[in-house]
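Okay, everyone, thanks for coming. Let me put the structure up, and then I'll talk through it piece by piece.

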Amino acid sequence: MAVIAENTVNFTKALAPTSLSVSKSNIEKAMYTLENSPLPTTRNEAWKYTRLVKIGKVKFQNTKATIASIDPYKIVESACTFVFVNGHFSAELSSRVIPAGVTCELLSELNEEIGTSVNLENELFNATNTAHLTGGIRITISAKTVVESPIQIIHVLKGDHVISNFRTIIKAEKFSKSAIVQGFFSEEGEVNFCNNITEVSVEDNAFLTIDKIQYESENSFHINTEEVQQAKNSNFTINTFTLNGGIVRNNLHINVNGENCESHLNGAYLLKNKQHVDNHSIVDHKVPNCESFELYKGVIDDNSTGVFNGKVYVRQDAQKINAFQSNGNVLLSDNATINSKPELEIYADDVKCSHGSTTGQLDEEAVFYLRARGLSEKSARQLMVSAFIGEVLNKVENEQVLDFIHGILRKRFDWNL
Amino acid sequence: MSNYTEDQLAKDLESQEYKFGFTSNFESDKAPKGLNEDIIRFISAKKEEPEWLLNHRLEAFAVWKSLVEPEWAHVQYTKPDFQDITYYAAPKQSKKYESWDDVDPEMKETMKKLGISLDEQQRLTGTNVAVDFVMDSVSVATSFKAKLNELGIIFCSFSEAVQDHPELVRAHMGTVVPTTDNFYAALNSAVFTDGSFCYIPKGVRCPMELSTYFRINEGGTGQFERTLVVADEGSYVSYLEGCTAPQRDENQLHAAVVELIAKDGAEIKYSTVQNWYPGDKDGKGGIFNFVTKRGICGTNSKISWTQVETGSAVTWKYPSCILKGDNSIGEFYSVAVTNNYQQADTGTKMIHLGKNTKSTIISKGISAGKSHNSYRGLVQIHKNASNARNFSQCDSLLMTDECGAHTFPYIECKNSSAKIEHEATTSKIGEDQIFYCKQRGISEEKAIGLIVNGYCKEVLNQLPMEFAVEAQKLLSISLEGSVG
Amino acid sequence: MIKIENLHARVEEKEILKGLNLTVNAGEIHAIMGPNGAGKSTLASVLAGREDFEVTEGSVDFDGEDLLEMDTEERAREGLFLAFQYPVEIPGVSNVNFLRTAINEIREHKGEDPISAKDFMAMVREKSALVELDAKLASRSVNEGFSGGEKKRNEIFQMAMLNPKLSILDETDSGLDIDALRIVANGVNKLKTKNNATIVITHYQRLLDYIVPDFVHVLFDGKIVKTGGKELALELEEKGYDWIKEELAAAH
């Protein structure tokens, strides 16, 4: 027991149990994990390239806070915008005009038990989220509903050593079509931790797009877990943009449970200073006749580190699967690091799967060419970086989301394009 | 339409059962089963080893005891009982052979069955293959010795090298694969019985292929050979290695260590055709092939690994290059075929330490039957390895719907001037290609042979001629009747 | 040489050939024309023995043998050659190695000895000149990196090498410019003897300016609905296929 005690996590010790109606059995499971599972080390294959020691050292707390305005964080103009500060719902900053056919329920107002589809066994952060759940929202897009403008969920962290354990539950019912925009930000304060879970169910013939922007401070922690279930003929897209954050880890797990599905996973990460961003994804093809497309690109500068670990499973009998996975990285500094691990695990034969990973630098010939045409070196490099990342940005359909991303690129990376 | 029927398939499988599955009837000089310090002392004494080597073994044994058998590979098997293995088995007439004529006729017959026709090779002038033959654990014949001696090339069994060139062995052994490296390397370092040693002096281009054939013969034995190739500055050598084992119901362990040292400006080409007994069609028996192979490159040097792996029940093998010297080059060309219940987890590590280092990885995996075939590779660019380049291409071909093909590449880069490209594809063997061949009158079996050989061409092209032909045949044999 | 009677074939649940009759004798060239989706390529595939197609009714006699009972490679060895509409690429397998394997398998089937390397290479030189195929292409991988025209020429080159009794050219003209078309047609004409026969499947009349058919058949909705001489092709070119449809409708 001594060994475990030594490693047992401290970061949850100051936290109160959840006040939400989380099911008892889940709380018990979560507590068991918290008491028995140490903080994962780099010896753990899933955390091979990401050290969590820094997280383990902090005693986090959850406090309520208020922010003056939502304007800096508004990604899109949407009458249906939910704002959470430190995981708590902010009624005054939110705009609760719910589109017809959509139900949005705050988990804090829910009278039923909250279950979960995420694994609580040995999964420390899922367990933390469950046992200490701060807040959450459940969005249901009812069958055949087409939602024109996206539903927006904005998270802001404020204060020192604040943790937000948040849960979003999205259910896109049959034949519905909708888009969700998620933003993660921080305002004032040191060493905050956003521990977020999003559970998604995309039912038969439904279309769902999630655009996710992560833009927290450089000393914050962010662990995001998406557990997605796709039923037959469904189409799911998730675009992840990581533009700031100290240690950021995205766990994206897509279970393709029905035939004729399409899954699109796109991501862009632009890192500088000492940032560490780790994108882990699993696409699990359990049934035949599906396609998945994954494209992640990163630009890594200064002392920052990028990690990409993409896994595609094709289970036995899941024939006629086309799965494509691509990861591209540009290193801009001698102290930048990239660890890329694209993986395929194939147990069926009639498949077409491929992955590619490239690591390199900007094409100096091209930079020279641009300079010879009168561009400054800085602009030339920016242009090259934007062309590189552009492939991912082009996947975003919502113009307002794109504009917002470009705004951040101008602000944080001095882009003047 | 007369499709390929289950009956035919069964018949074909029977008729193509492991064609190297014969045992030779030598009396062998065996150590008792089990592993402890006494056994290690026994082996060392048998081989009349110097004190330092015995100590080296004992240290390795101590390390081994502190390690656990690795479990990260994508393979499943019953772990060997290390106390139920015979660690030393020498054919009884293990005296040194002065000339080819001294070699036991039955031994010669064994070699013939393996396709090593030394007689013939010796008769043919201008054939340039020198062969060292390791049966069970002991090297039994090395040919062409005189010719090599003239150039100062040392090519002999590991035991002989320990006796005759102790300073060379001591200076290089364990410098690439330290005893602490991993579980099997530690085990090998403790109990290795023989193997091959090769030294190419400065500036010498070895005029012939050097070749070692390994064979496990005795039941209940493990084979733990060590190969050490030292290419001194500006030298060149092409080294071939072939492996077979008889058919047995039990699993036999083969835990070898191969160390290559390419000093400044040297080049080593190391080719392996591995056809250890893969087990029968129900997955019974077969060799556990847990091998550590690694080379280190000096400035402007090159190490090229080529492997054609068709045998073994379980393979765990990652021939690697440490590109320490500036401008050094590492290459890895691999074809791995798994059929029936075979499992292979194989690939390479390219560790870029020096500037302007280059590596190329071409891996072709072919899975048939109920087998599992994984590529696992690491490309690591260290901080000071400016202008490092890597290109990796890992393709998998699937022949049935019950097999698996997996790709686990690790790419770690800490230098911004590096360029790394990794590509992988997994697909089924092309039905339209098979149809096209059949329409031209080619049978399905031959068509598959053609397509698979074409698919592996980039790798097969790397093999010396004699080996390439053998490898092509082996590929076709391994895959007969394998399309689902 | 080949006698097709009441041939019905389907792919999955869809019936494509619906009672096709056709007889081709030695020394003849037959053109099969028809609109898209009429079943032209299906006919080629069924005759070559592609397994995606199921023959539900009818018979095909090939020089006194039941063609439908034979495997694809047996048909090929008996002298049936299909020039593919989309020749497949086989990476790493050289044309030469491919053809030598094919020729030797066919020779073995006929009880002959394998061809010697010398004779084979002489044959490669001779036949590649026939279709003005660069001899270098012969040593490249089968169709890999070939242009569209080169692929089609390669098909005719293979035909020349294998010397079949009956050749079926499936849309060999598609995607060819006028020079390539001329070369391909020339090759086919030179290979014609009184002992072999050719079925040219095409959508356009253009190819028939160069390969003059003895008979032209119109394939429509899975059946041959009209047969005529080479002038029928010109008529089709001029009027399109609609008048055939109208004629058919009127007849019913």
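So, how many residues of chain A are in contact with chain B? There are 31 of them on chain A, and they touch 31 residues of chain B. Before we go on, keep in mind that this is a predicted model.

Let's stay on that A–B contact for a bit. On the chain A side, the elements that put in two or more residues are strand E19, residues 337-346, and strand E20, residues 351-360. If you sort that side of chain A by class, you get eleven nonpolar, 13 polar and seven charged residues.

And here's a part I'd zoom in on. E19(A) pairs with strand E23 of chain B, residues 404-413. The sense is antiparallel, and the pairing runs over six bridges. If you want a spot to click on, try A:Asn339, which stands opposite B:Glu412 in E23(B).

Okay, next contact: chain B with chain C. Here 20 residues come from chain B and 23 residues from chain C. Which elements of chain B give two or more residues to that side? Those are helix H10, 431-439, and helix H11, 444-455. By class, the chain B side has seven nonpolar, eight polar and five charged residues.

Now let's go inside chain A. The domain assignment splits out domain 1, residues 2-258, and domain 2, residues 365-417. Taken over C-alpha atoms, their centres are 30 Å apart. The two domains do touch: 13 residues of domain 1 and nine residues of domain 2 make up the contact. On the domain 1 side, two or more residues each come from strands E8 (177-187), E10 (207-215) and E12 (235-244) of chain A. E12(A) has the largest share there, with four residues. As for class, that side of domain 1 has nine nonpolar, two polar and two charged residues.

Last stop, helix H4 of chain A, residues 124-131. Is this helix mostly covered or mostly open? Mostly covered: eight of its eight residues are buried. Among them are A:Leu124 and A:Phe125, but also A:Asn126, A:Thr128, A:Asn129 and A:Thr130. So what does the covering? The cover includes helix H2 (24-36), along with strands E7 (163-172), E9 (193-202) and E11 (221-230), again from chain A. For anyone turning that helix on screen, a general reminder: an α-helix has 3.6 residues a turn, so residues three or four places apart point the same way.

That's my tour, happy to take questions.

Technical notes. Residues numbered from 1 in each chain as written. Chains lettered and ligands numbered in written order. Predicted model: local features only at pLDDT ≥ 70, side-chain atom pairs only at ≥ 80, totals over all residues. Contact = placed C-beta atoms within 7 Å. Nonpolar A, V, L, I, M, F, W, Y, C, P; charged D, E, K, R; others polar. Buried ≥ 20, exposed ≤ 12 C-beta atoms within 10 Å, placed from the backbone. Pairing = 2+ DSSP bridges. Domains from an automatic or database assignment.
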